[in-house]
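Dear colleague,

I am passing on to you the structure that follows, together with an account of what was found in it. Please read the notes below with the model open beside them.

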Amino acid sequence: MSLLSDVVTPNGDGENDEVILFCGEVELGTMCSVRIFTPSGRLVRQIAENQLLGKSDALQWNATDGNGELVSAGIYIIQVEMYYNGKKVGKEKFSCSVLRE
């Protein structure tokens, strides 16, 4: 997995309004869970829970929390857990910055 951009500016101009997490080629049957946290460890949003991935899938986060409200400017941690045949096969963390005008 990789981030296509590590900066999101959720201002509706169509440029960097979302963080895009690109899932490269994965084995058929691979699932993932993706959660967004503050640096202090508070869960902000879960954008996938045991989601079945297709080949070359992408997941997006539009800088909103679990209530659909835009988050504050700052740094956020994206935690990805990958599962295959019911077993965890990978765990990655990424950071991204949310910039607000």
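**Confidence and overall build**

In the protein chain, confidence is lowest in strand S1 (residues 2–3), where the mean is 83, and highest in strand S4 (residues 31–37), where the mean is 95. Please bear in mind that this is a predicted model; over the protein chain the mean pLDDT is 90, and 100% of the residues reach 70 or more.

As for secondary structure, the protein chain has eight strands and zero helices, and its elements, read from the N terminus, run β-β-β-β-β-β-β-β. The C-alpha trace spans about 45 × 30 × 20 Å along its principal axes. The radius of gyration of the protein chain is 14 Å, which agrees with the value near 13 Å that a compact globule of 101 residues would have. Of these 101 residues, 36% count as buried, and among the contacts between residues at least 6 apart in sequence, 50% join residues at least 24 apart.

The accessible surface of the protein chain comes to about 5900 Å², and 46% of that area belongs to carbon and sulfur atoms. With regard to charge, there are 9 positive and 14 negative side chains, and the centres of the two sets lie 12 Å apart.

**The loop between S6 and S7**

Two residues of this loop deserve a description, and both of them are buried. Val71, which is placed in the loop between S6 and strand S7 (74–84), counts as buried because its relative accessibility is 7%, under the cut-off of 20%. Leaving out residues up to four places away in sequence, Val71 touches Val44, Trp61, Ala63, Thr64, Asp65, Tyr76, Val98 and Arg100. Val71 and Pro10 are 61 residues apart in sequence, while their C-alpha atoms are 9.5 Å apart in space.

Ala63, one of the residues that Val71 touches, is likewise found in the loop between S6 and S7. The relative accessible area of Ala63 is 0%, and Ala63 is therefore buried. Its backbone should be looked at as well, since Ala63 has a positive phi of about 65 degrees although it is not a glycine.

**A second positive phi**

Asn16, too, has a positive phi although it is not a glycine, in this case of about 55 degrees. The place of Asn16 is in the loop between strand S2 (7–8) and strand S3 (19–22). Whereas Ala63 is buried, Asn16 counts as partly exposed, with a relative accessibility of 37%.

**Three residues in strands**

Ala58 has its place in strand S6 (residues 58–61) and is partly exposed, its relative accessible area being 32%. Apart from its neighbours within four places in sequence, Ala58 is in contact with Ile20, Leu21 and Phe22. Between Ala58 and Phe94, which are 36 residues apart in sequence, the distance from C-alpha to C-alpha is 15 Å.

Glu49 lies in strand S5 (residues 43–52), and at 42% relative accessibility this residue counts as partly exposed, because the value falls between the cut-offs of 20% and 50%. Not counting residues up to four places away in sequence, Glu49 touches Cys32, Ser33 and Arg35. The C-alpha atoms of Glu49 and Met31 are separated by 8.4 Å, the two residues being 18 apart along the chain.

Glu92, finally, is found in strand S8 (residues 87–98) and is partly exposed, with a relative accessible area of 32%. When its neighbours within four places in sequence are left aside, the contacts of Glu92 are with Met1, Ile78, Gln79 and Val80. For one of these partners, Val80, the separation from Glu92 is 12 residues along the chain and 5.2 Å between C-alpha atoms.

With kind regards

Technical notes
Residues numbered from 1 in each chain as written. Predicted model: local features only at pLDDT ≥ 70, side-chain atom pairs only at ≥ 80, totals over all residues. Heavy atoms only, no water. pLDDT = per-residue confidence, 0-100. Helix = DSSP H or I, 4+ residues; strand = E, 2+ residues; numbered from the N terminus. Rg over C-alpha atoms; globule rule 2.2 N^0.38 Å. Buried < 20%, exposed > 50% of the residue type's maximum accessible area, 1.4 Å probe, protein only. Contact = heavy atoms within 4.5 Å. Areas by Shrake-Rupley, 256 points an atom, 1.4 Å probe, with all protein chains shown as cover. Lys, Arg positive; Asp, Glu negative; His and termini not counted. Charge placed at Lys NZ, Arg CZ, Asp CG, Glu CD.
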